[in-house]
Amino acid sequence: MQSFFEENALISVQTTQPLDRLLDYRAPEGGCHAGAFVEVPLGPRKVIGVVWGTGQGGFDPSKIRQVIRVLDVSPMRAEMRLFLERCGAYTLTPMNAMLRLATRAPGLGDPPSMQKIYRLGEGEPSRMTEARTRVLDVCREMGGLSLTLKELAEAAGVTPSVVKGLVKSGAVWEENSPRDTAYPPLDPDYGAKDLTEDQETAAAQLRAGQASQQYNTVLLKGVTGSGKTEVYLEAVAECLRQGRQALVLLPEIALTAEFLTRVEARFGAKPAEWHSGATMTERRRVWRMVGQGQAQMVIGARSALFLPFQNLGLIVVDEEHDTSYKQDDGVSYNARDMAVLRASILGAQVVLASATPSLESWANAEAGKYRRVILESRYGPAVLPDMMTIDMRSEDLPSTRWISATLRAAVNRRVVAGEQSLLFLNRRGYAPVTLCRACGQQIACDHCDARMVEHRFLKRLVCHQCGESKPVPDSCPSCGAEDKLAPVGPGVERLAEEAQAQFPDAKIAVLSSDLYGTARELKEQIEAIAAGAADIIIGTQLVAKGHNFPLLTLVGVIDADLGLQGSDLRAAERTFQLMRQVAGRAGRAEKPGTAMLQTFQPEHPVIRSILGGDEVAFWQAEMDERRAAGMPPFGRLAGIVLSGEDLGKVFDLGNHLARNDAPLRRIGAQVFGPAPAPIARVRGRHRVRLLIKAEKTAPLQAALSEWAGQVTLKGDLRMSIDIDPQSFF
């Protein structure tokens, strides 16, 4: 039960404004509960905030202003406020920024808007037509439920004017209703599938964990195509039977459409969606209905974790290893880890699902913190693909081509057989570098320390750091030479150009996130490919994430060595995950699949592990190396990025911090740097990094707060702190 504050009682309010403290106000007329969303005066403005608790005091009582009004939305629950506080404390994020994450819905302060809805009336039309009959049939099938004009017209396959004609006769009733309506109920027993013995054993364990209604985390590991989704949907069904809400996080918007179809087939209705592709109207509806308990299930991106659930009982993190769950801009958090935190506060179950789990999750399962549930085999007749390497050192390949003769022959066999092939290259665009052959200059971004990537389909050069783009020049910007600019290296667009030349009779499709303006366009392309609209698919890592192409029997990885370059702590782990995931796209139906990895390093330990398929041995070797080095998950890291327009001032700040590291030395932490960041300039700002390394149990956040608190940032200097960094750019 939320605490209640009588009228004029002293209360504290947390706002989303850039202030480092709670603000005191007087409770409004009629009083308010803790957690209430309120509108308060702040200087000459009116801002939105949340009642956090009793006022702090210490101010002139006569100057404390009154809350203007309480908003007509469900109050923020105590567990949500605790989650935001603990998440902010872990990530060293101010509470105003955390509250912004939890209020990312438009029009929260607006009164509920209305819309017209339609349902079966009692009148009879003067004449009947086939179209009118379809409308009335749909109304009868809805059993008294109402639809919008667009929904009813689409369901009946008629124009809106047909519905309007039935309204005039009274055969259909038109009424005003709040625009933000409840989502249709989901039936946990509607479309339950027959599971294999392996799947049923796993599902029973998840149902048991859900039935306990106590916090627990399960690592659901299953080979690609083993039916992990059907298994964890059984946990969702058990959650719905308990009357609790479920959240399923997906790493890519592109996965949402196919997943929604599967959920509708399983539960008889579509759940709520929360991601950047949803309209503002839909986002407001989701936010409000989740808070009222009128959305039983949400499918969303990482930010869905901050929705105001009324009774959340299950969080599923699908493809839990995926790096897109880590947000680096603004609030730096890992949705996988914060899902575990939120569930622990709620007494809910977390299911972390992956064919190639993150090393952190695997280590937690080894330590007994997470239960481990494993699916060993693929569903139905499908079997795991054969894995092999193509040693590029023995392939006679021109420097301007990337498809080896061995791979080309394998693709040709699939084209002739009417099967699909996937050529995988984890590089967007046409070429990663554009070089002038006259002066040797590489075209760089004007605002970043990064080379611009040619996107030939767009006819532009694009910076993948800041998004800056410009037309491809006719002459060298440095020396002015004409006809001397040359693309260096391949991207998927250049690979598609080569494939078109090598396989002139084949239908070729490119799957890359930057080629589609909307999530709908990408969804339509994926559906068309799955139906056989392409013989050869050229794709980036987008294709490795959960898509099912029944006709796909060959995966060719163009550059299996790409992820092994550099000094990234997680390079081996990510390469292993990506190669195993993309290889798993092949042979998911009746016909067996093959994965061929083009590599110049076939003897590399990671490549050998990928081929050998001994995942446990790979993870064990990786854990042994990390443990010996004191690196995550057996140690702690924090990344600090300092930035500013003056490089000298940025380095001065970095050196000052490095010299005054007493708070960190007290906990046994080490400071490395300052040093230029790998990408040393972004959007015109110079970037300098420091890296902090500490033992697993060290109180790192407290020490970092004291250490960073020693300096006052002046002018345009900025500091960002990333706890548990996943990348080091």
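Which backbone oxygen does the side chain of Lys693 reach? In this predicted model, the answer is the backbone oxygen of Ala629, at 2.7 Å. Lys693 itself sits in strand S33, which covers residues 685-695. Setting aside residues up to four places away in sequence, Lys693 touches Ala629, Gly630, Met631, Arg636, Leu637, Ala669, Gln670 and Phe672. The fold also brings Lys693 to Gly635: these two are 58 residues apart along the chain, yet their C-alpha atoms are separated by 7.3 Å.

The nonpolar interior comes next. The largest nonpolar core has 91 residues, and those with the most contacts inside it are Phe83, Leu84, Phe306 and Leu511. Helix H10 (residues 335-346) supplies the largest share of this core, with seven residues. Leu84 gives a good picture of the packing: not counting residues up to four places away in sequence, Leu84 touches Trp52, Met76, Met95, Met98, Leu99, Ala102 and Phe306. A second, separate core contains 31 residues, among them Val218, Val231, Leu240 and Leu314.

Aromatic rings also meet in this structure, and a search of the whole model finds seven aromatic pairs. One of them joins Phe306 and Tyr333 edge-to-face, with 5.2 Å from centre to centre and 80° between the planes. Phe306 belongs to the loop between strand S14 (297-300) and strand S15 (312-318), while Tyr333 belongs to strand S17 (residues 333-334), so this pair ties together parts that are 27 residues apart in sequence. Phe306 counts as buried because its relative accessibility is 1%, and Tyr333 counts as buried at 1% as well. Another pair, Trp362 and Trp619, is stacked, with 4.5 Å between the centres and 25° between the planes. Because Trp362 lies in helix H11 (residues 359-366) and Trp619 in helix H17 (residues 615-629), the pair ties together parts that are 257 residues apart in sequence. Both rings are hidden from the surroundings: Trp362 is buried at 4% relative accessibility, and Trp619 is buried with a relative accessible area of 0%. Trp362 and Trp619 also join Phe576 and Phe618 in one aromatic cluster.

Tyr333 leads on to a polar residue, Gln327, in strand S16 (residues 326-327). Gln327 touches Arg302, Ser332 and Tyr333 when residues up to four places away in sequence are not counted. Is Gln327 buried or exposed? With a relative accessible area of 11%, Gln327 is buried. A second glutamine, Gln17, is found in the loop between strand S2 (10-15) and strand S3 (23-26). Gln17 has 17% relative accessibility and therefore counts as buried, since the cut-off for buried is under 20%. The side chain of Gln17 makes a polar contact with the side chain of Arg45 at 3.1 Å. Beyond its neighbours within four places in sequence, Gln17 is in contact with Leu42, Arg45, Val47 and Asn96.

Charged side chains form a further set of links. Side chains of opposite charge can pair when their charged atoms come close. The count here comes to 37 salt bridges. In one of these, the side chains of Lys164 and Glu174 meet at 3.0 Å, N to O. This pair links distant parts of the chain, with Lys164 in helix H5 (residues 160-169) and Glu174 in strand S10 (residues 172-178), 10 residues apart. Lys164 is partly exposed, with a relative accessible area of 35%, and Glu174 is partly exposed at 32%. Glu497 and Arg456 form another salt bridge, their closest N and O atoms being 3.9 Å apart. Here Glu497 comes from helix H13 (residues 492-502) and Arg456 from the loop between strand S23 (453-455) and strand S24 (460-462), 41 residues apart. Asp391 pairs with Arg393 in a salt bridge of 3.0 Å between the closest N and O atoms; Asp391 is partly exposed at 24%, whereas Arg393 is exposed at 51%. Salt bridges also link Glu200, Arg207, Glu234 and Arg266 in a network.

Finally, helix H7 (residues 228-241) has 14 residues and reaches 20 Å from its first C-alpha to its last, close to the 20 Å expected. H7 is mostly covered, as 13 of its 14 residues are buried. After H7 comes Gly243, which has a positive phi near 80°.

Definitions and conventions
Residues are numbered from 1 along each chain as its sequence is written. This is a predicted model: local features need pLDDT of at least 70, side-chain atom pairs count only at pLDDT 80 or more; totals for chains, interfaces and linings use all residues. Side-chain values use heavy atoms; hydrogens and water are left out. Helices (H or I, at least four residues) and strands (E, at least two) are DSSP runs, numbered from the N terminus. Buried means under 20% relative accessible area, exposed over 50%, partly exposed in between (1.4 Å probe, protein chains only). A polar contact is a pair of N or O atoms within 3.5 Å; within protein, one must be able to donate a hydrogen and the other to accept it, and residues adjacent in sequence count only if both atoms are side-chain atoms. Contact means heavy atoms within 4.5 Å. A nonpolar core is a set of buried Ala, Val, Leu, Ile, Met, Phe, Trp, Tyr and Cys residues joined through side-chain atoms within 4.5 Å. A salt bridge is a side-chain nitrogen of Lys or Arg within 4 Å of a carboxyl oxygen of Asp or Glu. The expected span of a helix is 1.5 Å times one less than its number of residues. Rings of Phe, Tyr and Trp (its six-membered ring) pair if their centres lie within 6.5 Å; planes under 30 degrees apart count as stacked, over 60 as edge-to-face and the rest as tilted.
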